[in-house]
Amino acid sequence: EKVKESTLFMKSLTVDAESLISRAKSENIKAECKKVYEAVRYSDPMSSNALVSIESDITIKFSKFSDAVVSEDSEAVVILADEIIILLGDRNKKCKLLK
C-alpha cells in the first residue's frame, strides 16, 4: 500500500504523457511528446516528501505542456518539453540522494 502511494505521482504522469502522444496532431509535436513520455517512463518511480516541491513544478509545467499540445503551439511545446525533461533530471538526482 505504501509503495503504491509512493509511486502514484510518476505512474499518473506516465499515463498522462502517453495519452498526449495520441492527441498530438503534427509529427513535430508528437516527437516532443514522445521525448517527454520516455523521460517520465525512465524516471525513478518512488516519491517522497522531499520531492513535493519539484513534483509540483513538474505538474504545473506538464499542465502547460498539455495545453500547448492541444492548441498545437509548436514553439511552446518544444520549450516546455525541454523544461520538463530538465525538471525530471533534477528530480532523479534528488531521488538518488535520498536513497
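**Exercise 1. Ile29 and its surroundings**

Task: In this predicted model, find the element that holds Ile29, decide whether Ile29 is buried or exposed, and list the residues in contact with Ile29.

Solution: Begin with the place of the residue, for Ile29 lies in helix 2. Next take the accessibility: the relative value for Ile29 is 1%, and because buried means under 20%, Ile29 counts as buried. Then look for partners beyond the neighbours within four places in sequence, and Ile29 turns out to be in contact with Ala24, Val69, Glu72, Asp73, Ser74 and Val77. Finally, compare sequence with space: Ile29 and Glu75 are 46 residues apart along the chain, while their C-alpha atoms are separated by 9.3 Å.

**Exercise 2. The buried face of helix 2**

Task: Check whether the length of helix 2 agrees or disagrees with the expected span, and then work out where on the helix its buried residues lie.

Solution: Start with the length, where 15 residues at 1.5 Å a residue should span 21 Å, and the end C-alpha atoms of helix 2 are 20 Å apart, so the two values agree. Now collect the buried residues of this helix, which are Ile29, Glu32, Cys33, Val36, Tyr37 and Val40. Looking down the axis of helix 2, one finds these buried residues within an arc of 140°, and therefore they line one face of the helix. A general rule helps to read this pattern: an α-helix has 3.6 residues a turn, so residues three or four places apart point the same way. As for confidence, helix 2 has the highest mean pLDDT among the elements of the protein chain, 97, whereas helix 1 has the lowest, 88.

**Exercise 3. Helix 3 treated in the same manner**

Task: Repeat the length check for helix 3, name its buried residues, and describe Ser56 and Ser66, which both have their place in this helix.

Solution: The 19 residues of helix 3 should span 27 Å at 1.5 Å a residue, and the end C-alpha atoms are 27 Å apart, which agrees. The buried residues here are Ile54, Glu55, Ile58, Phe62, Phe65, Ser66, Ala68 and Val69. Seen down the axis of helix 3, they fall within an arc of 155°, so these residues line one face of the helix. Turning to the serines, Ser66 has a relative accessibility of 16% and counts as buried, whereas Ser56, with a relative accessible area of 34%, is partly exposed. Apart from neighbours within four places in sequence, Ser66 is in contact with Leu20 and Arg23. For Ser56, a distance can be given: its C-alpha atom is separated by 24 Å from that of Ser74, 18 residues away along the chain.

**Exercise 4. The loop after helix 3**

Task: Say what is notable about the phi of Glu72, and state where this residue lies.

Solution: First place the residue, since Glu72 belongs to the loop between helix 3 and helix 4. Its phi is positive, about 55°, although Glu72 is not a glycine. To judge this, recall that most residues other than glycine have a negative phi. The relative accessible area of Glu72 is 41%, and Glu72 is therefore partly exposed.

**Exercise 5. The largest nonpolar core**

Task: Determine which residues touch the most other members of the largest nonpolar core, and which helix gives the most to this core.

Solution: The core has 26 residues, and those touching the most other members are Leu13, Cys33, Phe62, Phe65 and Val69. Two or more residues come from each of helix 1 (2-23), helix 2 (27-41), helix 3 (52-70) and helix 4 (74-98). Helix 4 contributes the most, with seven residues. Take Val69 as an example: leaving out residues up to four places away in sequence, Val69 touches Leu20, Ala24, Ile29, Cys33 and Val77.

**Exercise 6. Cysteines**

Task: Decide how many disulfides the structure holds, and whether Cys33 and Cys95 are buried or exposed.

Solution: The number of disulfides is zero. Cys33 has 1% relative accessibility and counts as buried, and Cys95, at 5%, also counts as buried.

**Exercise 7. Met10**

Task: Locate Met10 and name the residues in contact with Met10.

Solution: Met10 is part of helix 1, and at 3% relative accessibility Met10 counts as buried. Setting aside neighbours within four places in sequence, its contacts are Val40, Ser43, Asp44, Pro45, Leu88 and Arg91. Of Met10 and Pro45 one can add that they are 35 residues apart in sequence and 5.4 Å apart in space, C-alpha to C-alpha.

Methods:
Residues numbered from 1 in each chain as written. Predicted model: local features only at pLDDT ≥ 70, side-chain atom pairs only at ≥ 80, totals over all residues. Heavy atoms only, no water. Disulfide = S-S within 2.5 Å. Buried < 20%, exposed > 50% of the residue type's maximum accessible area, 1.4 Å probe, protein only. Core = buried A, V, L, I, M, F, W, Y, C linked by side-chain atoms within 4.5 Å. Helix = DSSP H or I, 4+ residues; strand = E, 2+ residues; numbered from the N terminus. Contact = heavy atoms within 4.5 Å. Expected span 1.5 Å × (residues − 1). Arc of directions from axis to C-beta. pLDDT = per-residue confidence, 0-100.
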